[in-house]
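Let's take a stroll through a few spots in this structure. Have the sequence and the 3D view open as you read.

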Amino acid sequence: MKINEASIKMWSRIGSRAAFGMAVLELGNTIDDFMVLTADVSTSAGLERFKKTFPDKFLDVGIAEQNMMGIAAGLASEGIKVITTTFAPFQTMRCCEQIRVNLGYMSQNVCMVGLASGIVLGTLGYTHCCIEDVAIMRSIPGITVISPADCGETVKATFAAINHGESVYIRLTGGANNPIVYKDDYDFEIGKAITLRQGSDITIIAVGTMVYESLKAVEILDDRGISASVVNMHTLKPLDTLVIEKACELSKLIVTVEEHSIIGGLGSAVAEYKATLRKSPPQIFIGLPDKFGKAGEYRYLLEKYGLTANQIADRIMNQYERF
Amino acid sequence: MESREQIIREIEHMSKRMRKNALDMALAAGGNSSHFGAGFSIIEITATLYGAIMRYDRNNPEWSERDRFILSKGHGVLGYYTALAEVGFVPVEDLQTFEKTESYLVGHPVINREMGIEFSNGSLGMGLSVGIGVALAGKRRNSKYKVYVLLGDGECNEGSVWEASMAASQFKLDNLVAIIDKNNFQLGGSNSDVMSVGDLAAKWVSFGWDVVDVDGHNIGELYDAFNRVNIPEKPVAIVANSIKGKGVSFAENNNAWHHAVLTKSQYEQALDELNKELAVK
């Protein structure tokens, strides 16, 4: 599968879910012992072509997420590579204990893909938004957690996860016309954060859709005389602690930005490690508030909660001056 | 070739030895308690499976064609580890380490293929789904192995059991056998007092399974049920009517023995009863 400017543009246009569908199509071509499971959301998961092309590698378990995770573990225990997929709240919370016992405790490796996480489905209400999945998944031993920054990274993370030594949760954020962070192919390694931009005053650590917003925020900060690094912490567990250490050595302020509750996500993960360091600069937690808000359009909700580039830059400006 | 009668006689003896070993385990657990009643109710089931029905190779525990067993009612370990000891997976002396710190013989099974423990269990309502995955893998690879999942009747309170039940018939898994140990009790009391599971056989029939109803302590009935020619493309459910605490008079149908400490004097009494039973045969 070619990863280049053209394919990245195409994936960005179709969004993370459809890009994921393209990635599994490729995996279906290359791996014999491979199965994709879904809980009645094959269309939403971009799996229609996969289903038609590889009917024997596709299994729809109906609206039964707990059963899906048990079946996935059973298949995995027989050496079959398995991807499970449904909307993020159902993929992580409805079947949380099946994940804990069958994948974590029993060490059966399954790649779970949480669709439309964050608040992209805001108009459907908070049953379909997901602001807790990172907090929950990263507290279970034996589960790697990845939040790709764009559609190209979704494809690369899917390829990496299928050969990873333990279960992986991939959190997909953003909708169609997903902004592009990586214009061309690059090296993606689970657990290895990527510093996208080097600056001298502060370090912004971001995940998912907020990587792009942070890059844009940094341009605004540049104009205002603040020089910022941007780190794409695509793997939330295990955390790239070396990058955090370096950031704490060099920066006066650490900023974490995520489309997730400020409880338990990237900000918490960074803070947990940062607190152990001798040099530990202050941290700004930018993320979603600890509440179920009103339903609304994605863009509207992002603005309401201060998750756009302008707002991120303003908040950093204000606090930076105070510190 | 042994006759059916010879096999049944052997499994009956195996069951009695397992009960004595289970009693030793309960004593060894000491103040940690053991799930006594639900372990004793499944002994004939696990004895028949490991003694006469399932194919496995104790020298090659991961043999790809072996039949798979999942103790979905994970608290039934007294009836599981004792079966594994009978057939040579677990050294009998290891049973004394049951529930001891760092022992591999935990209060609920922890996967250990070398010792014949196929999966980790303990949280109810999960085993049948895992069994479906294993059975699907067997179909994919044209393997002939069967998957046996042992559930409790109280466990059937869990909704996830019925998610799995629905799926197994949808996927036509005739290589999957669910055994429901119907001892009529759960932790908090009788099924009918806590949460009635109603007519279990009828429920499984209505979910599309080929259902057999047997006496869960009658080796002949169990043996015949496992050997029966089943309806094509249907998973099999065996409802095994059993007695919680079977074989120990003071524990039978006494839910105080769901999870309890066995004292030395109770142990002596129970051992005496089991020895008398052994002498009869």
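First, a bit of vocabulary: a residue is buried if 20 or more other C-beta atoms lie within 10 Å of its own, exposed if 12 or fewer, and partly exposed in between, with C-beta atoms placed from the backbone. What you see is a predicted model, where local features need pLDDT of at least 70, side-chain atom pairs count only at pLDDT 80 or more, and totals for chains, interfaces and linings use all residues. Residues are numbered from 1 along each chain as its sequence is written, while chains are lettered from A and ligands numbered from 1 in the order in which they are written.

Start with Ala206(A), which counts as buried because 29 C-beta neighbours sit inside 10 Å. You'll find Ala206(A) in strand β8 (residues 202-206) of chain A; strands are DSSP runs of E, at least two residues, and helices are runs of H or I, at least four, numbered from the N terminus. Met233(A) is 27 residues away from Ala206(A) in sequence, yet their C-alpha atoms are 6.0 Å apart.

Now for some backbone oddities. Two residues that aren't glycine have a positive phi:

| Residue | Phi | Location | C-beta neighbours |
|---|---|---|---|
| Ala116(A) | about 50° | strand β4 (residues 111-117) of chain A | 27 within 10 Å, buried |
| Ser33(B) | near 70° | loop between α1 (4-29) and α2 (36-40) of chain B | 15 inside 10 Å, partly exposed |

Finally, where is Pro238(A) found? Look in the loop between β10 (235-237) and α9 (241-250) of chain A. A cis peptide bond links Pro238(A) to Lys237(A), with omega about -5°.
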